[in-house]
Amino acid sequence: LESIPFHQRSAKIHLALGQAYQKAGGSTSSNSEAINAYRECLKQNPNAFSAYTALLSMNVKLNDLLHTH
């Protein structure tokens, strides 16, 4: 998924990347990459409920999510 150029990634690709980074977990870098991928997903598809729930599970504040897009 990372080999897909950024500008060609769909919301589904960003969501899948976020999930992969989140599962890799452990490091601050993985969490940061997961959060960024989920945010990109939400920019393209503000109705991606699974991206919201994943971010909330990572302790991202709801107010921060509402200003994602």
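Me: How far does helix α1 reach from its first C-alpha to its last?
Reply: This is a predicted model, in which local features need pLDDT of at least 70 and side-chain atom pairs count only at pLDDT 80 or more, while totals for chains, interfaces and linings use all residues. Residues are numbered from 1 along each chain as its sequence is written, and side-chain values use heavy atoms, with hydrogens and water left out. Helix α1 (helices being DSSP runs, H or I, of at least four residues, numbered from the N terminus) has 14 residues. Its expected span (1.5 Å times one less than the number of residues) is 20 Å, and the reach in the model is close to that, at 20 Å.

Me: Is His 14 buried or exposed?
Reply: His 14 has its place in helix α1, and its relative accessibility is 1%. Because buried means under 20% relative accessible area, exposed over 50% and partly exposed in between, with a 1.4 Å probe and protein chains only, His 14 counts as buried.

Me: Which residues does Glu 40 touch, not counting residues up to four places away in sequence?
Reply: Glu 40 lies in helix α2, which covers residues 28-44, and it is one of the buried residues of that helix. Its C-alpha atom is separated by 8.3 Å from that of Leu 15, a residue 25 places apart from it along the chain. Counting as touching any heavy atoms within 4.5 Å, and leaving out residues up to four places away in sequence, Glu 40 touches Phe 6 and His 14.

Me: Against which helices do the buried residues of α2 pack?
Reply: The buried residues of α2 include Ala 34, Ala 37 and Cys 41. Among these, Ala 37 and Cys 41 are also touched by His 14, which lies in α1. The buried residues of α2 pack against α1 (11-24) and α3 (49-57).

Me: How are α2 and α3 oriented, roughly parallel or roughly antiparallel?
Reply: With axes taken as lines fitted to C-alpha atoms over the stretch in contact, and angles running from 0 to 180 degrees between N-to-C directions, α2 and α3 pack at an angle of about 150°, their axes 9 Å apart. Angles under 35 degrees count as roughly parallel, over 145 as roughly antiparallel, 65 to 115 as roughly perpendicular and the rest as oblique. Therefore α2 and α3 are roughly antiparallel.

Conventions: Helices (H or I, at least four residues) and strands (E, at least two) are DSSP runs, numbered from the N terminus.
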